[in-house]
Amino acid sequence: MKRTIIIGGGVIGLFTAYYLNKQGVEVIIVDKSDMQDTTSTGNAGMIVPSHIIPLSAPGMIAKGVAWMFSSKSPFYIHPRLDRKLLEWSWLFYRSANAKHVEKSIPFLKNISLLSKALYQEFRNEHKDAVDLEMAEKGLMMLYQTPEVEKEEVEFAHLARQHGLEAEVLNPTDIAKIEPNLEVKARGAVLFPGDAHLSPSNLYNFLKKYLLEKGVKFLPNRKVLGFEKQGGKVTAVLTESEYLSANKVILCSGAWSAELAQMLGFKLPMLGGKGYSFMQDNHPEILQASILTEMKVAVSPYGQQVRFGGTMEIAGTDESININRVKGIFESINKYYPGFQSKFPDREKIWKGLRPCSPDGVPYIGAAPGYQNVWFGTGHGMMGVSMAPATGKILTDLHEGHASTMDIKAFEVGRF
């Protein structure tokens, strides 16, 4: 049997392996890490069809410039002379317009709705084997200022125009949803169609399941290059192996640009570092929410709750910037004054690099100039949300089947 090599063992790589395995494909997953604590394990676990606006949207340039002067801000680019950063920033600037947003919305909505349906199917198929802690209670966008209220209410109208449910809430409505503690908010928008789950439960189950199904894992392997012949990759070269390959799929997150360079083309990509930490959930927060002004995600799991956020354009620097964590922590009691928060110990702070394309749209499809290489990366903060659909699309492409949805906006060589 001819084998397929997936480079990247995050949740997108694992879901791709999951669907390929169902097709009877022999799969090897190669990853540079030990595949224990990854970008896929400590995020907010949001499944958000409501997130139909790409990061590069009108207004983000002005906000980004203002936020750049605060190391605790939601979106932070440390000014530095770096060619990749300058190129990425220029492409981001070119994409931050209404035309790009309008063009992107149907694609982002469709892939997210497909992912949610696949998650429901996945949960039902494996309900006796794993508790995903999947809560389909929606997502509440809490806001405190008139300016953000205007933005969120306008977005609710836009979401409805595209067939999504959205409810505008007042403080009384919020109190009924969160009866256990005071929520300091002017109002909120609730998206009932959103959900959240435990990303670590999902990731660990996928690894265990795939191992049992015969998928081979090669952790702690850095890819050094590719053997190429006639528009195809015939082997993947690591520090310790020569891996012959029939087909190759790259799901390498923030490191995908380096692999694209080895293949001979540019893939504009930077890592957007985020942080999160768990807290004892007391008084108990019940509703998954976004603290909108601070862009902090709140994911409750019964006795525990995860707070996470920030987008720090950091390349592939994985160090912890403690000021970014302070920004998340300080937002908690601004919205939940009575919540008993405690600043986390450094070793309990999760950090991860989200792979950010400059136009806020993922790269899913064939590598330019190759007949047997595909990419699935660049999902930004939406990796978990879009993972099953991305894996399913890549499997369809791999097998030569027609994709279940239009993917032209995700073209790998669009830049």
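Select Phe205 to begin: in this predicted model, Phe205 has a relative accessibility of 9%, and because buried means under 20%, the residue counts as buried. Add Phe122, which is likewise buried, with a relative accessible area of 2%.

With both rings displayed, the centres of Phe122 and Phe205 lie 6.0 Å apart and the planes stand at 75 degrees, so the pair is edge-to-face. Colouring helix H4 (residues 98-125), which holds Phe122, and helix H7 (residues 199-212), which holds Phe205, shows that the pair ties together parts that are 83 residues apart in sequence. Extend the selection to Phe15, Tyr18, Tyr19, Tyr119 and Tyr209, which ring pairs link with Phe122 and Phe205 into a cluster.

The structure holds 19 aromatic pairs, and another one to select is Trp88 with Phe92, a stacked pair at 5.3 Å centre to centre with 20 degrees between the planes. Both residues lie in helix H3 (residues 83-95), 4 residues apart, about one turn of the helix; Trp88 counts as buried at 2% relative accessibility, and Phe92 counts as buried at 5%.

Next, display Lys32 and Trp255, where the lysine lies over the face of the ring, at 3.8 Å from the ring centre.

Finally, switch to a cartoon view and follow the open sheet of 6 strands, whose order is E9-E2-E1-E13-E20-E19, with mixed pairing. Its edge strands, each pairing on one side only, are E9 (216-218) and E19 (363-366), and neighbouring strands are turned by 15 degrees against each other on average, direction ignored. At the E19 edge, 4 bridges join E19 to the antiparallel strand E20 (residues 373-377), and Ile364 stands opposite Gly376 in E20.

Notes:
Residues are numbered from 1 along each chain as its sequence is written. This is a predicted model: local features need pLDDT of at least 70, side-chain atom pairs count only at pLDDT 80 or more; totals for chains, interfaces and linings use all residues. Side-chain values use heavy atoms; hydrogens and water are left out. Two strands pair if DSSP finds at least two bridges between them. Helices (H or I, at least four residues) and strands (E, at least two) are DSSP runs, numbered from the N terminus. Axes are lines fitted to C-alpha atoms, for helices over the stretch in contact, and angles run from 0 to 180 degrees between N-to-C directions. Rings of Phe, Tyr and Trp (its six-membered ring) pair if their centres lie within 6.5 Å; planes under 30 degrees apart count as stacked, over 60 as edge-to-face and the rest as tilted. Buried means under 20% relative accessible area, exposed over 50%, partly exposed in between (1.4 Å probe, protein chains only). A charge sits over a ring if NZ of Lys or CZ of Arg is within 6 Å of the ring centre and within 35 degrees of the ring normal.
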